[in-house]
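Here is a friendly walk through one chain. Let's begin with a single helix and then step back to the whole.

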Amino acid sequence: MNDKLALPVGTTLDRFIMRKQEAFPYATGELSQLLRDIALAAKIVNREINRAGLLDVTGAYGQQNVQGEDQQKLDVIANIRFIRALRNGGEVCTIISEEEDDIIQTGNHKGKYIVAIDPLDGSSNIDVNVSIGTIFSVYRRLSEQGCDGTEEDCLQKGDRQVAAGYVIYGSSTMLVYTTGHGVNGFTYDPSLGEFFLSHPTITSPTTGNIYSINEGTYNYFPEGVKQYVNYCKENDYSARYIGSLVADFHRNLLKGGIYMYPATTKAPKGKLRLMYECNALAFIVEQAGGKATNGSQRIMEMQPTELHQRCPLFIGSTEMVDKVHEFLKAEVEVG
Ligand code: P6P
């Protein structure tokens, strides 16, 4: 028979996870199950995003989160969906969420893992149909099993992540994750309800000509950042800023580029959150050959002190991050 009549559908996320687990004889399957739980929630959130305009779930929820940001209805829905999936999956004892002031205890006292999550990043873009995303980090608990997780369990450096990933709800929905052995991307086929391996072993170009930063706040940038932005313009780089971190990060990861959200006089610690935005993307970009710093230190070396702490972020192609550091360093030396 002509084998083109029945082309293989490809490798599902489930099969990929199982194959990767088999490569680790001591793996007991909990992390695999956790990743499946995240994928399930992503499928549900994807469905609700795609129907948002029809379900009257666009727009503001009418409350603010701990960040003082107006929660969108889909922020709240996504938060519920991911927390419920992780609670019901049983592998996670404690969750940090952008949408929750305090840590969330799932009641899974035997759960070995902690998850830090931004359930729906960029949600101000929902109503105008711009890509948005979910960002997550996974840590192994430090405390003994058998009780709730502790704040110490939650405030671990990014270097201690056992997995990290993001979902981008865009022209297609993708799940991209790493467990420390490379980065792989899966594209969702809603007709089958499955994620299929579409971007195996993602490696990011060592350089690029795309820079992503909100130049509307140029006047508030540190001098070194201003100098670097001017350098980009002088070298005919392309400015690409969607206002949705996951979308800007994903494009730069695949094509090469740098995303910057510096500390400014208006936002002295930057805007993005260390625990459930910066650490996860830093793990991914480093696994793909890129870099992520706060302007002076590797993101994943930063010792967290607060659940929702913010930090400046310079992330993307290695040579571009190194270049902006040259300008930042010159600023410090000039003083
Ligand atoms: P600004 C969305 O609120 C977000 O956290 C990121 O997704 C995005 O890159 C950034 O903030 C946009 O912030 O200040 O440029 O509007």
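In this predicted model, helix 6 covers residues 223–234 and offers a neat check on geometry. Its twelve residues, at 1.5 Å a residue, should span 16 Å, and the end C-alpha atoms are indeed 16 Å apart, so expectation and model agree.

Which residues of helix 6 are buried? They are Gly224, Val225, Lys226, Tyr228, Val229 and Cys232. Note that a lysine, Lys226, is on that list. After helix 6 comes Asp236, with a positive phi near 60°.

Now for the wider setting. The chain holds nine helices and 15 strands. A compact globule of 335 residues would have a radius of gyration near 20 Å, and the chain has 20 Å, so the two agree. Along the principal axes, the C-alpha atoms fill a box of roughly 60 × 55 × 45 Å.

Some totals for the chain sit well side by side:

| Property of the chain | Value |
|---|---|
| Buried residues | 53% of the 335 residues |
| Contacts between residues 24 or more positions apart | 62% of the contacts with a separation of 6 or more |
| Accessible surface belonging to carbon and sulfur atoms | 48% of about 15,000 Å² |

What about charge? The chain carries 32 positive and 41 negative charges. The mean positions of these two sets are 4 Å apart.

Key:
Residues are numbered from 1 along each chain as its sequence is written. This is a predicted model: local features need pLDDT of at least 70, side-chain atom pairs count only at pLDDT 80 or more; totals for chains, interfaces and linings use all residues. Side-chain values use heavy atoms; hydrogens and water are left out. Helices (H or I, at least four residues) and strands (E, at least two) are DSSP runs, numbered from the N terminus. The radius of gyration is taken over C-alpha atoms; the globule rule is 2.2 Å times the number of residues to the power 0.38. Buried means under 20% relative accessible area, exposed over 50%, partly exposed in between (1.4 Å probe, protein chains only). Contact means heavy atoms within 4.5 Å. Accessible areas come from the Shrake-Rupley method with a 1.4 Å probe; for residues, only the protein chains shown count as cover. Lys and Arg count as positive and Asp and Glu as negative; His and the chain ends are not counted. The place of a charge is taken as NZ of Lys, CZ of Arg, CG of Asp or CD of Glu. The expected span of a helix is 1.5 Å times one less than its number of residues.
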